Amino acid sequence: MSLRIASRSLVSVGRPALVRPVVGIPTIARAYSSQPDPQAKASSILSALPGSTIVSKTGILATATAAGIYTISNGLYVVNAETCIAGVFGVLVLLASKTVAPAYKEWADTYISNVKKVLNQARETHTLAVKERIESVSLAKDVVPITQSLFAVSKETAELEAEAFVLKQKVDFAAEAKSVLDSWVRYEAQVRKREQQALAESVIAKVNEQLKDSQFQDKILAQAVTEVETIFSKA
């Protein structure tokens, strides 16, 4: 490969040099105006080099240049097609790093921010859940005294219900006894009424029978006359 490059250089030396046409002043001015700023280009080259300071970057650049010149001048390294391919590959890698790296960095930042947002939301949700659990547990700390008080109230309620049941039974018994006594009183009153009615009917019947007797009528008449005479004699 080195012999091929050397033969090509010899052929190029043997050929007559081509005369370039003279470019006009406006064309030169236009080309000069379209060239980039050397300072900006140098800054971009320095920023592409590894290192944190300008001194370290320039040192790395000077060291690499000196090492390349030394190796090429002493024949330690011969420039060939592989070197050109490696250089082109390096340039492509550099261009890819300049173009793809910002987009990848933006995507990575967006993804990281989304992950952070999800994690923050999950942390806030977990924090709220823990706080609610703590509040529920703090409310449940009074369960024992509340249960004891409720048990006492339920016990008192049961006792009152038992007393109310006993009183209700007594009232029901008293009402039933009163109804029985009232029925007995009504029965006795009915019996007494029937006896009195029967006695009155028997007396009336006897009187009516005696009134039918002439001797009894004479006796009553004589007794009545005697009573009338007694009344008049007193008057």
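**Exercise 1.** Locate Val115 among the helices of this predicted model, and decide whether Val115 is buried, partly exposed or exposed.

*Solution.* Val115 has its place in helix α5, which spans residues 81–140. The next step is its relative accessible area, for which the computed value is 33%. Buried would require a value under 20% and exposed a value over 50%, so Val115, at 33%, is classed as partly exposed.

**Exercise 2.** Determine which residues make up the nonpolar surface patch that includes Val115, and give its approximate area.

*Solution.* Membership of a patch requires over 30% relative accessible area, and Val115 has a value of 33%. The other residues that make this patch are Val100, Tyr104, Trp107, Tyr111, Ile112 and Leu119, and with Val115 they form a nonpolar surface of about 750 Å².

**Exercise 3.** Describe the secondary structure and the exposure of the protein as a whole.

*Solution.* Counting elements gives 7 helices and 0 strands, and reading along the sequence gives the pattern α-α-α-α-α-α-α. Of the 235 residues, 1% are buried. The protein exposes about 21000 Å², of which carbon and sulfur atoms supply 67%.

**Exercise 4.** Establish where the confidence of the prediction is lowest and where it is highest.

*Solution.* Begin with the average, a pLDDT of 75, with 73% of the residues scoring at least 70. Going helix by helix, the lowest confidence belongs to helix α1 (residues 2–14), with a mean of 39, whereas the highest belongs to helix α6 (residues 143–212), at 88. Finally, the pLDDT is below 50 over residues 1–33, a stretch that has 6 contacts in the model beyond near neighbours in sequence.

Notes. Residues are numbered from 1 along each chain as its sequence is written. This is a predicted model: local features need pLDDT of at least 70, side-chain atom pairs count only at pLDDT 80 or more; totals for chains, interfaces and linings use all residues. Side-chain values use heavy atoms; hydrogens and water are left out. Helices (H or I, at least four residues) and strands (E, at least two) are DSSP runs, numbered from the N terminus. Buried means under 20% relative accessible area, exposed over 50%, partly exposed in between (1.4 Å probe, protein chains only). Accessible areas come from the Shrake-Rupley method with a 1.4 Å probe; for residues, only the protein chains shown count as cover. pLDDT is the predictor's confidence in each residue, from 0 to 100. Contact means heavy atoms within 4.5 Å. Patches are made of residues with over 30% relative accessible area and no salt bridge: like charges are joined within 9 Å, nonpolar side chains (Val, Leu, Ile, Met, Phe, Trp, Tyr) within 5 Å. A salt bridge is a side-chain nitrogen of Lys or Arg within 4 Å of a carboxyl oxygen of Asp or Glu.
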